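Me: I am new to this structure. Please show it, then let us take it question by question.

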Amino acid sequence: MTTGNGAPIVTFDNVSKYYGALKAVDGLSLELRGGETVALLGPNGAGKSTSLDMLLALRKPTAGKITMFGQDPYHAVKSGRVGAMLQSGGLMPEVTVRELVTLVAGFHTRPVAPDITMRRAGIAEIADQRVDKLSGGQTQRVRFALAIAGESELIVLDEPTTAMDVETRRLFWANMKAEAAEGRTVLFATHYLEEADHAADRILVINRGRLLADGTPDEIKERAGARRLAFRLPAVDEAFLLRLPGLVNLEVRGDFVQLQVTDSDAALYAVLDAGYRPHEIEVASLGLEQAFIAITSQDDADAAGEPAKEMI
C-alpha cells in the first residue's frame, strides 16, 4: 500500500545486487510517492544500505531497473532533487560547521541559504565550532544539514540518529517532520523501531534482500498475525495455559500471565470456560518490534525449511 499521491517518484523494478554468490538484494520491487515518510527496516545484512546506495547511484544493480523522477538515479541525483545522509564517509576536518555547510550549499544546483539550513537542522548554536571537535550526535546533525542544503524533493537517510542521545533524537525527528510537512518525501533506514513506529507513514520490511511487508505501522503489526493477551491469575496452571488455542508464546511471572495468541477471544474464553477468573485483563496488538521479529523470523525459518521460532 502507499500513502502518497500521484505517480511514483521512485520505482525499484525487480532490482538485484549480487557479490559473487551473495545476494545482497534479490528481486526488490517497490514504489515511493511524493510526500511520504517511509521507514526501511531489516536486520543486519538485509540489504538496506545496498538498496539505498543503488538508489543514490553509488552502486549499480546487477539486474533490474531503478527510476527516480523519471530518470536514472545518477541524473536524478545530479539534478539536485535528492539529498542524502549516509553512514559512510567522513566530514572535512579543520573547518567550522558554517564553512562546511556553505561549501556544500555552493555545489548544489538549488541551494538553500546556509543560515536557514543550519536552523532547520538544529545546529545554528554550533555554527562556529570546528567539525572535527563535535560530538557523535552533533556530527550526525551536521550530516543531516548537508542532506538538506538544497531544495531537494527526496531526502534519503541511512541510520540518521546513530550516536544521538534521547533528547537529540527527539529534536532531530521534530526537524524531520517539518521537512516532511513541506511536501518532501523522506526515506530512512533505522534500527530504532520506535522511531519507525512514530515517524513513518509507511514501513517497508526487507530480509535477505527481499521485500516482506509494506504498510502503515498498524498494518505491519497486524501482519504478524498475533495479539498480546495479559492478565493476573493466582495459582495459575501453566500446563493448562500451554494448551490454550492459538498460543504462540507464554510468559508467567508470579500471578502475571502474558501470552501471544493468534485468537485472543478464543484464548480468553478458554480460560473463563475452565473456571478461572483472571483480572486486570489487557488485549493489545503486538508492538512493532515484536511484529518485525515475527515477520523476519518466519522468513528465515521458511528459507531454512524449519518451523518459525517463538516470538519473544
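Me: Which residues have the most contacts inside the largest nonpolar core?

Reply: This is a predicted model: local features need pLDDT (the predictor's confidence in each residue, from 0 to 100) of at least 70, side-chain atom pairs need 80 or more, and totals for chains, interfaces and linings use all residues. Residues are numbered from 1 along each chain as its sequence is written, and side-chain values use heavy atoms, without hydrogens or water. A nonpolar core joins buried Ala, Val, Leu, Ile, Met, Phe, Trp, Tyr and Cys residues through side-chain atoms within 4.5 Å; buried means under 20% relative accessible area, exposed over 50%, partly exposed in between (1.4 Å probe, protein chains only). The largest has 41 residues, and those with the most contacts inside it are V97, I123, L157 and I203.

Me: Which helix gives the most to this core?

Reply: Helices are DSSP runs of H or I, at least four residues, numbered from the N terminus. With five residues, the top contributor is helix α5 (residues 136-147).

Me: How far apart are the end C-alpha atoms of α6?

Reply: Helix α6 (residues 166-181) has 16 residues. The expected span is 1.5 Å times one less than the number of residues. That gives 22 Å, which agrees with the model's 23 Å.

Me: Which residues of α6 are exposed?

Reply: The buried residues of α6 include F172, W173 and M176. The buried set covers an arc of only 160° around the axis (taken from the directions to the C-beta atoms), so they sit on the same side of α6. On the other side, the exposed residues are V166 and A181.

Note on methods: Helix = DSSP H or I, 4+ residues; strand = E, 2+ residues; numbered from the N terminus.
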